[in-house]
Amino acid sequence: MPTPQTRNSNLPRPKRTLVLFLVGIVALYVLVALIGLGTKKGDDSVWKPKLGLDLQGGTSITLKAKPAHKGGTVTPTKLREARNIIDQRVNASGITEAEVTTQGGGQVLIEIPGKKEGKLVDKVGETAQLRFRLVWTGGLTSSPTPVDTSAQQKQIDAIDWSKLSLNQMLKAELDGVSTLPATYQPGIAALQSQAKGFQCLKTGLKVEDVANKPLVTCNPKTGEVEILSPAVIEGTSVKSAVPAIPPQSVEWIIQLALKGHAVKVFDTVSTALTPTQAQFAIVLDGKTISALSSQARITDGRSQIQGGFTAASSKALANQLKYGALPLSFDVNEVSEVGPSLAGSQLHAGLVAGLIGLILVVIYCLIYYRGLGLVIVGSLLVASALTFALVLLLGKGVGFTLTLPGIAGLIVAIGITADSFIVFFERIRDEVRDGKSLRLAVEAGWARARNTILAADAVSILAALTLFIFAIGVVRGFAFALGLTTLIDVFVVFLFTKPVVSLLARTKFFGQGHKLSGLDAGHLGISGRKVTEIARNAGGDA
Amino acid sequence: MGRISTFGQHLYEGRLSFDFVGRRKLWYSISLIIVVVATFGFISRGFNLGVEFKGGVEFQAQVAHANSQTVTKMTEAVSNAGVPGASDPTGQTSGNSAIRIVTKALTTDESITIQKALTKAGATDVSTSLIGPTYGKQVADKSLTGLIVFLIVVVIFIWAYFREWRMSVAAIVALAHDLLITAGVYALSGFEVTPATVTGLLTILGYSLYDTVVVFDKVRENTKGILKSTTRIYPEQANLALNQTLVRSINTSVTALLPVGALLIVGITVLGTGPLKDLALALFVGMLAGTYSSIFVATPLASQLKEADKDIKAQTARVLARRQKVTESPVVAAAPTPQRPVGPSGAAKRAQPSRKPRSQRGKK
């Protein structure tokens, strides 16, 4: 019952398949090289996989978004807004190489390669701090050089400002800060000398914005330094913020609506300030974004922010204002600072483990499968080449970074890849044992092994996919690597291993069962015939 | 190695056969005992949860030589740093050039103080990991969702591929078996459970099923058209499949365990504690259990479930009855031994089909 060799009509020409596949791999590398040409000269980074922070050192901060109060939800839109604001804050703090990305499970990941900046988490982790403050002293000028005012800050911190009433604060603005009770005067003096030494920077302005303390800050756009009162209205009282162009105007503004107790406070403030057109400031993250003079008494909590906005900048600010009001806050999941030596040893360990694993598998296959073992070695090498090319391309294309768990995934996959070959070879042996000649056994064994390999790899890919979708953080790197290599395994075994074995079966060394080929009669355990022959009782009910 | 091949050949032909399916009660009992011990383990002892699950700060201080002396030095440096949350740190060596120190939750300012204290005490480089108290729970929750989704998807997949719900059931039982055993090993040994361990556990899902699918594929092939067969019965064919794939199972396990073993050993010797070790350990235990369960649990169970099927039951009974008859007949045949074998078919008188000479064959 010899099986006709032409049964596999889709794989009749192993040579062509093989050549096409190898050309495909070369094409991938050419693609990498082309991307490399596009980058600056002397920059060979295209040939290096993008390493995760655990392998190159740096800081990674994982924040988990949560609704600030019950009933709120974390939507992807809110999360993206949060990401943008965090990105701005990170950049504002002077760290330019940071990457801020959203992750599954409502997480925001901040990655800063090469630096230990764990302290950043204190600045970026909180909701946007939007506050309304009264301008006690405005129109001051920026100091040309920064002056250390930590002594003054201590004096300011020593006073309990929270006892100040709204009326006292308003009086201080309208009639001068000297109207404040004597207990506050040392603090006021400290604020004034702090304001003198305040340097207004366009970026990287460092101000500690605490709600119940007065604040010295500036508007980075105008460079105007101000002494501000403790916050009178918090950003969480913002009901809505919408960019708009009022009728008969060409300038973008932001329409702001307040809610709750803030409406009443705003009424009081605007009533008091309107007669003298005194100012109040809107402070976002410690910076004055707008100082407004009150034009009229506002009783419904609706206000406008003007400040020479464009369509884009008004929209961005409106989002920030809204975000300050959004019930999104962040829990700190993990702040990890990896030093260069730990990163180096992790990378080293990963590579060494991979190499040892690969060598052990190769040795085992060579001992057990002899000549055929070389096919496994070749297949593993081809799979490695393909994996490396894809890791490079995915690093450039979708920002795939190789992390320690990712390397572990690649190493674990060596076993899964080798198993496909084992399933195939064992099937060939089975077919020979059933009485087929070697050349026929290769085709018949393949037809059967193919389905097994596909089914088994499908399960493996399903597992990787589920892990990737439902996992958090580093686990995703592992799942991605595992899924990628399983996919590569399918390609390699179909387009490389099978054609190679088919071709080898035609050679004298393998086809006639040389002792070292791994396909000799003795090694296969058959007796009484050569592997080139078909057994007399072939097809018997085994 | 020739011996293994002969061994493989004999297994394949059924000349040498291990009775995996028939002696299932024995295998079930062994598995049951292990599972009970494992379950008892994590009920009574629970897991040794890593800092990721409790929240806290982990410092990795690089030193020239990591030994008990430097550990004491570093731990003292931390407890004397004047940070209340770090008054009771635990320290251990991690590889031969790093010391791992774990404290309770700290603020970033406090952790910087500790970093400075460690550097002062002689650490060349300090890596820090501040972990929020809910991180581990998130990982666990997400993993549980992943687990459930994966199980549903796989049950459907196996059912669709094999067209046999019994195989889905058997595969899932084997999976639960592997997970329980791995979890039990963790509970009993007191190995630290970290998010990397959870990853490892989830990977075992894939591997365990992968291995099971390969064996089931052979079972399906061997039992194709079993209902029409007059000589073969399901449990025997399933057992034959197991024996035929035994060499593959061994080879697969070896090739899968070799890299994982390398990962484990390098992870422990070079890095000490860390995700590499946690992952590799879970995989190593799980893969061993996975190979065992494919052979000793999944297939016998699938066979047992299938044997309960009405049609299969009837067919098995028919074949067994027929065999009974055949075994009874040798009593007759034991009488005068003929010179050459005479079949009971009664065909002896019939003319045997004659064969044309080779040269004339294929011509009319």
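**Exercise 1. In this predicted model, determine which strands helix H8 of chain A lies across, and at what angle to E6(A) the helix runs.**

Solution. Helix H8 (residues 261-273) of chain A lies across E6 and strand E9 (279-284) of chain A, and its direction makes an angle of about 140° with E6(A). A second helix can then be placed on E6(A): helix H7 (residues 185-196) of chain A runs at about 130° to E6(A) and lies across strand E4 (130-140), E5 and E6 of chain A.

**Exercise 2. Work out the strand order of the open five-stranded sheet of chain A, and explain why one side of E5 and of E10 is left without a neighbour in the sheet.**

Solution. Begin with the order, which is E5-E6-E4-E9-E10 (chain A), with antiparallel pairing. Strand E5 (215-219) and strand E10 (287-293) of chain A each have a single partner strand because they stand at the edges, so one side of each lacks a neighbour in the sheet. From one strand to the next, the twist averages 45°. At the E5 edge, E5(A) pairs with strand E6 (residues 224-234) of chain A over five bridges in the antiparallel sense, and A:Thr217 has A:Glu226 of E6(A) as its bridge partner.

**Exercise 3. Establish how many residues each chain gives to the contact between chains A and B, and which elements have the lowest and highest mean pLDDT in chain A.**

Solution. Chain A and chain B each contribute 70 residues. The side of chain A that touches chain B receives at least two residues from each of several elements, among them helix H10 (340-369) and helix H16 (521-524) of chain A, and its residues comprise 42 nonpolar, 17 polar and eleven charged. Turning to confidence, H16(A) has the lowest mean pLDDT among the elements of chain A, at 66, while helix H11 (residues 371-397) of chain A has the highest, at 87.

Conventions. Residues numbered from 1 in each chain as written. Chains lettered and ligands numbered in written order. Predicted model: local features only at pLDDT ≥ 70, side-chain atom pairs only at ≥ 80, totals over all residues. Contact = placed C-beta atoms within 7 Å. Helix = DSSP H or I, 4+ residues; strand = E, 2+ residues; numbered from the N terminus. Nonpolar A, V, L, I, M, F, W, Y, C, P; charged D, E, K, R; others polar. pLDDT = per-residue confidence, 0-100. Pairing = 2+ DSSP bridges. Axes fitted to C-alpha atoms, helices over the stretch in contact; angles between N-to-C directions.
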